[in-house]
Every structure is written in C-alpha cells, then in structure tokens.
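Please walk through this model with attention to its charged pairs, its aromatic rings and its surface.

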Amino acid sequence: MGDSSAFPGFHSQYSYDRDYARPLFRVASFSSERGGDEHQHMARTASFKVTAAPSRLSQAMSKLSMKKLQQAVDERSVEDEEMELMKEKYTKLLLGEDMSGGGKGVCTAVAISNAITNLYATVFGTCHRLQSLPPEKRSMWNREMDCLLSICEYIVEFAPTVQARPDGSTHDVMATSPRSDILMNLPALEKLETMLLGILDSFDKAEFWYADQRKQSFSETKKPSFKRNEDKWWLPEPCVPESGLSDSLHRELQHKRDQASQIHKMAMEINNAILSEMQIPSSYIETLPKTGKVGTGDAIYRYMSSGDQFSPDHLLDFLNLSSEHEALEVADRVEAAMYVWRRKASMTHVVTKWENVTELNADGDKNLILASRARSLLLCLKQRFPGLSQTTLDTSKIHYNKDIGQAILESYSRVLESLAYSIVSWIDDVLLADENAKQGNSTRIQKQVFSQVSPQR
C-alpha cells in the first residue's frame, strides 16, 4: 500500500482533499483507467447521474445554512437585548435610581429592595391564573434573582478561630463566614420559592380553565361557574365542567391550598423577624403620640387595659372592621401606641428582645402588659387580613434602611408572601366555582328526577 496510484481516483496529477469534501462526480470519473467504449459509456453514465446530485444537495445545504445563520442571528439579538437590559438594571443600582448621576439617588439597600419588588411586579403582575410561568418570564425571574441574591455570598461576618501552623503550634485568627441571618433565612426562602413555583407548574393540565370577561363574547354558551366581585371585574374567572371537578383534583386543590397557606405564614414570619431587626427611623419616633391612649383611641384603650384576660379576637370582633383600609388604619394606631409603651417600659426595665415579653413575665408593669397586648393584636390583625399593606412603620423602616442583607431578605420574603397569598386566592376561586357547579348540577338532576316521577297530564 505504498503507492497511492494503486487506489482508483487518487492520481498524482490531482490534489487530494484531506477533509473529504471533494465533489462526488470527480471521484466517479476516475473510477476506471482501462479504456474501451463500454467502460467509457459507463463512466459517462455514472458521471451524469452523480453530477445532478450536487445542485440539489448544494441548494438544500444552502437553505440549511441560511436557517442556522438566521437562528444564530436571532439568538445573538436576544442575548444582546438581555445584556442591554441587565446593563440598564445594573446602572440603576449603582446610581441609586438617580439617572442624572448627581448623587441624589437612594442608598444601595433601597435600590436593591426596589429592584426585587419591581422584578416581582414585572414577572407576576400579569399572572392571575393557576398555571406555570411562561418560559421567557421564568428565565427572566431566575436570571435576575440569581444576580440580586448573589450579593449575599459576599456579606460575611468575622469570627475568631484557631489556625494550626506548620510547626504544630496554633494561633488565633479572624475567619469569615456567612452572616447568621442570611445563613438561616436565605436557604429557607429559596426553598419556599421552589415550592410555590412547583405548585403553579402542577396545574398545567387541569380540568378547569379561565374565561376573560373582557374578551368573552355574548354569544358564547359556556358561562363561568364563578361570579367575581365587582371591584375585581378585570380578573379572569375560573370555569369548571358542568358536573364539577373530579374528586381527585378537588383533593389536590385543597392540599395545594393548605401548602400555599403554610408557605404564606412562614414567609410572613421571616418578613416580620427581619423588619423587627431593622432600626426605627428617627423621623418615625418624632411622630409618635405622647401617650398610648391617644394613639389607640378611647375604645381600644379601654378594652386593652381592662381585665386580666385579653382576647385580640374579641376586640377585632367588637371593632367589626369591614375593609383592609380600616384594618390598616387600626394597625398604624396600635403599632404607634405599642412603641410608646415600650419606650416608657425601657426606662425601668432592660429588655433585649421585645418579642419575648409576654404578660406572664411583665412583672405587673402596665406598660409592658399593654405593649405585649398591642403586639398580639397586630399579629391577629395580620392573620385576619393576610393581604394587608405595610404599616407606616414598616414602610419607614424599608425606606431608611441601609443594611443590604436585611434589604434583600425583607424584599425577598415580602414578594414570596405576596405570591403565596395570590395562589391561595386563585385556588379559592376555583374551589368556589367547583362548589357552584356541583350545586347547579345537583339542582338539574333533581329537576329531571321530579319531571320523570311527576304525573303526566
């Protein structure tokens, strides 16, 4: 095999293409060198047959190449667009949302908190159904949250530790470790987020659907089994089959609702804990009333200060709050009075953590007892109105907060709390539609049975 001429078509006067891309008709024309009419005729026939292939093959390859080129251009344009969007968001964070560059923007902590809040509004603001997120919104949420949460990887605290030397001796050094509040709360919040998105993904193939009242024509025969309140007329209404949902799906919906409700409570507890660790702005302290009685009002103060037994549920029943606006007003007043009582109690008592103060360990101090009762009333109020807006104190804390770690944890827990509350509301809507449909179906069956057994005239 030493001579290349022993192989047909590999002659010295023709160049050998090492990437094996030589046209097929040239290889076929060199298939025989023995001469003769028959062999020449066969060679010409083979040459003609193979020559027709490259034109069709080249056209197909050209179309495929253009398609791949167009896909590459589209992917490149999407990447460029995403990169420009990330640059814009990164610039806003650095400038503190002051695009003039004059240094009049908010601090970094507030800018990051606003970025997480705005991202949640962008991704979930238009989602009002039990279904998974669109791929582009899911990608946006994961990409930008990863960038914002990655800041926590560089927030550390120093702790003394013992380091060994090569000679066997030891010495004390300061080692870095993730900050305790971030180490404890951030993995829990990420787990809650995964669970909430999993709940939405589990309803991709469900027995119910949604009817958009803004697009539904009057001629459609299928009407929703659920009638929404007039204040939320623009939201899509869930629809179920006339006979209602299957028992298995009904049980699954109830299970998912309980799960989302528990997630809502855990996110709310984390959010309350983070807010309680934030410093109270001096601007809020200056607006506090002189006494707690002035803050709460006579009716609430009389109920809170009378008797040894205090029930926040009975007090809320007595107030008979009919709207979230009234509940928020009461929450602001009670919270202001609570801090008035705490300030007075701190003059005679040293309290390291107010959350641990209860009536049992108040030592008969009236201010400690009233502060404890005010806190229990606030917790009960937030449980009755889970969608309650932030109080004046919470808003003030977030606005004046400069701790970046606390800003990330607070805003992250707040948006997860909002998402969990929305999922519970959406499931309640579907369950109500199912209940109405089953009642209507039962009524129809009773009418049919009655018409069959009634005497014919």
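By about how many helical turns are Glu410 and Arg414 separated in helix α14 (residues 404-453)? The model is a predicted one, and in it these two residues are four places apart in that helix, so the separation is about one helical turn. Their side chains meet in a salt bridge, with an N to O distance of 2.9 Å. Glu410 has a relative accessible area of 0% and therefore counts as buried, since the cut-off for that class is under 20%. Arg414, at 18%, falls under the same cut-off and is buried too.

The pair Glu410 and Arg414 belongs to a longer list: by the rule used here, the count comes to seven salt bridges. Another of them joins the side chains of Asp181 and Arg179, again with 2.9 Å from N to O. Both Asp181 and Arg179 are buried. These two residues are also part of a network of salt bridges that links Arg179, Asp181 and Asp403.

A further salt bridge is formed by the side chains of Asp317 and Arg384, at 2.7 Å from N to O. This pair links distant parts of the chain, with Asp317 in helix α10 (residues 312-319) and Arg384 in helix α12 (residues 366-384), 67 residues apart. Are Asp317 and Arg384 buried or exposed? Neither label applies, because the relative accessible area is 46% for Asp317 and 37% for Arg384, and values between 20% and 50% count as partly exposed.

A charged residue can also be followed through its contacts. Glu144 is found in helix α4 (residues 135-149). With a relative accessible area of 4%, Glu144 is buried. Leaving aside neighbours within four places in sequence, Glu144 is in contact with Leu85, Met86, Lys89 and Leu119.

The next topic is the aromatic rings. A pair of aromatic rings is described by the distance of the centres and the angle of the planes. By the rule applied here, the count comes to six aromatic pairs. In one of them, the ring centres of Phe203 and Phe208 are 6.1 Å apart and the planes meet at 55 degrees, so the pair is tilted. Phe208 also pairs with Tyr210: the centres are again 6.1 Å apart, but the planes are at 85 degrees, so this pair is edge-to-face. The assignments follow from the angles, because planes over 60 degrees apart count as edge-to-face, while those between 30 and 60 degrees are tilted. Phe203 is buried, with a relative accessible area of 3%, and Phe208 is buried at 8%. Tyr210 is buried as well.

Elsewhere, ring pairs link Tyr120, Phe124 and Trp141 into a cluster. A ring can also face a charge: the charged end of Arg342 sits over the ring of Tyr339, 5.3 Å from the ring centre.

The last stop is the surface. Which residues form a nonpolar patch there? The patch consists of Tyr90, Leu94, Leu95 and Met99, which together have about 440 Å² of accessible area. Leu94 lies in helix α2 (residues 37-95). At 60% relative accessibility, Leu94 counts as exposed, because the cut-off for that class is over 50%.

Key: Residues numbered from 1 in each chain as written. Predicted model: local features only at pLDDT ≥ 70, side-chain atom pairs only at ≥ 80, totals over all residues. Heavy atoms only, no water. Patch = residues over 30% accessible without salt bridge, like charges linked within 9 Å, V, L, I, M, F, W, Y side chains within 5 Å. Areas by Shrake-Rupley, 256 points an atom, 1.4 Å probe, with all protein chains shown as cover. Salt bridge = Lys/Arg side-chain N within 4 Å of Asp/Glu carboxyl O. Buried < 20%, exposed > 50% of the residue type's maximum accessible area, 1.4 Å probe, protein only. Phe/Tyr/Trp six-rings, centres within 6.5 Å; stacked < 30°, edge-to-face > 60°. Lys NZ or Arg CZ within 6 Å of the ring centre and 35° of its normal. Contact = heavy atoms within 4.5 Å.
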